[in-house]
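Hi everyone, thanks for making time this morning. I'd like to walk you through a few spots in one structure, so let me put it up on the screen.

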Amino acid sequence: MNITYLGHASLHIEFEGTNIIVDPFISGNPMASHINIADLKADYILVTHAHQDHILDVETLAKNTGATIVSNYEIAMHYGAKYFKVFAMNHGGTYTTETFSAKYVNAIHTSSFPDGSYGGQPGGFVLTANEKSIYIAGDTALTYDMKLIPLQTKLDLAILPIGDTFTMGVDDAIIASDFVECDRILGCHYDSFPPIVIDKTDAMIKFKAKAKSLVLLDIGKSIEV
Ligand code: NI
Ligand code: MN
């Protein structure tokens with residue numbers, strides 16, 4: 001699969017003609033001003049939780065593309081009530097299509113909509129397609145529940161927040177990568193706002209010291225898994 005970083009925690013994932021967008025927050029991110037939402041393809045939009053910095057462009061994208069919004073029950077109902085196509089799930093459940101599966105897994109965080117309404121419990125996804133698997137942690141603290149993932153899935157990439165303040169920082173993300181047994185990490189949820197600005201060179205050095213590879217992509221750039 002091809003994974004493009006769209007800034008903050010937003011991703012575009014493509015494999016065999018299937019397009020998935022994760023947590024679209026583009027129009028509110030000045031650093032992503034070169035990304036044109038109208039150009040983005042999506043068959044599915046995966047939403048980890050209801051915070052503004054993960055849902056801002058969900059409706060625009062869903063309107064443009066007709067994509068199915070896949071998320072927890074409360075978030076799916078929120079969009080279903082607005083007549084978007086949705087698939088509702090909850091922790092432990094797996095959404096399976098002909099080309100991929102996405103399991104909704106635990107995250108330690110909160111999940112209210114911008115107006116304060118209930119956004120269910122936050123989560124992450126284990127996405128498997130083309131015999132490759134990636135972990136999209138979502139916004140989360142370090143949690144022992146991460147150890148459950150490698151019991152079932154051999155990961156090829158772990159996409160972890162590293163910005164601290166609202167999620168794990170670098171030191172906890174290194175432990176998280178041990179817990180999920182994956183040494184190739186794509187960092188996200190850093191530098192977008194002043195409280196989550198990090199020293200990127202220091203982060204790379206810390207991961208490298210543990211024989212792990214931390215990939216930090218420029219917005220709009222891709223990696224292959
Ligand atoms: Ni959040
Ligand atoms: Mn966030």
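Let's start with Ser111: is this residue buried or exposed? Its relative accessibility is 7%, and buried means under 20%, so Ser111 counts as buried. Please keep in mind that this is a predicted model. You'll find Ser111 in the loop between β8 and β9 (123-129). Its side chain has two backbone contacts I'd like to show you. A polar atom of the Ser111 side chain lies 3.0 Å from the backbone nitrogen of Ala50. On the oxygen side, the backbone oxygen of Gly119 is 2.7 Å from a polar atom of that Ser111 side chain.

Now to the metals. Which residues are the protein donors of the manganese ion, ligand 2? They are Asp53 (OD), His54 (NE2), Asp139 (OD) and His189 (NE2), at 2.1 to 2.2 Å from the ion. If you like to read motifs, the spacing of these donors along the chain is D-H-x84-D-x49-H. Asp53 belongs to helix α1 (residues 52-55), while His189 is in the loop between β12 (184-188) and α6 (200-209); the two are 136 residues apart, so to speak, and the pair links distant parts of the chain. Asp53 and His189 are both buried. There is a second metal too: the nickel ion (ligand 1) is 3.1 Å from the manganese ion (ligand 2), and Asp139 coordinates both.

While α6 is in view, have a look at its two ends. At its start, a side-chain oxygen of Asp199 comes to within 3.2 Å of the backbone nitrogen of Thr201. Just after α6, Ala211 has a positive phi of about 60°.

Next, the strands. Five of the five residues of β5 (residues 68-72) are buried, so this strand is largely enclosed by the rest of the structure. Who are its partners? Strand β4 (residues 44-46) runs parallel to β5, joined by three bridges, and Tyr44 has Thr68 as its bridge partner in β5. Strand β6 (residues 86-89) also pairs with β5 in the parallel sense, over four bridges. There, Asn72 is bridged to Met89 of β6. To get from β5 to β6, the chain passes through helix α3 (residues 73-80), and this β-α-β crossover is right-handed.

Let's come back to Tyr44, this time for its ring. The model has 11 aromatic pairs. In one of them, the rings of Tyr44 and Tyr95 have centres 5.9 Å apart and planes at 70°, which makes the pair edge-to-face. Because Tyr44 is in strand β4 and Tyr95 in strand β7 (residues 94-96), the pair ties together parts that are 51 residues apart in sequence. Tyr44 also forms an edge-to-face pair with Phe100, with 4.9 Å centre to centre and 75° between the planes. Phe100 lies in strand β8 (residues 100-106), so this pair with Tyr44 of β4 ties together parts that are 56 residues apart in sequence. Tyr44 and Tyr95 are both buried, and Phe100 is buried as well. Which residues make up the aromatic cluster here? Phe15, Tyr44, Phe87, Tyr95 and Phe100 form one cluster.

One last ring before we stop: the charged end of Lys147 sits over the ring of Tyr144, 4.9 Å from the ring centre. Thanks for listening!

Terms used:
Residues are numbered from 1 along each chain as its sequence is written. Chains are lettered from A and ligands numbered from 1 in the order in which they are written. This is a predicted model: local features need pLDDT of at least 70, side-chain atom pairs count only at pLDDT 80 or more; totals for chains, interfaces and linings use all residues. Side-chain values use heavy atoms; hydrogens and water are left out. Donors are N, O and S atoms within 2.8 Å of the metal (3.2 Å for Na, K and Ca); water is not among the atoms, so sites may look incomplete. Buried means under 20% relative accessible area, exposed over 50%, partly exposed in between (1.4 Å probe, protein chains only). Two strands pair if DSSP finds at least two bridges between them. A crossover is right-handed if, with the strands pointing away from the viewer, the path from the first strand over the helix to the second runs clockwise. A polar contact is a pair of N or O atoms within 3.5 Å; within protein, one must be able to donate a hydrogen and the other to accept it, and residues adjacent in sequence count only if both atoms are side-chain atoms. Rings of Phe, Tyr and Trp (its six-membered ring) pair if their centres lie within 6.5 Å; planes under 30 degrees apart count as stacked, over 60 as edge-to-face and the rest as tilted. A charge sits over a ring if NZ of Lys or CZ of Arg is within 6 Å of the ring centre and within 35 degrees of the ring normal.
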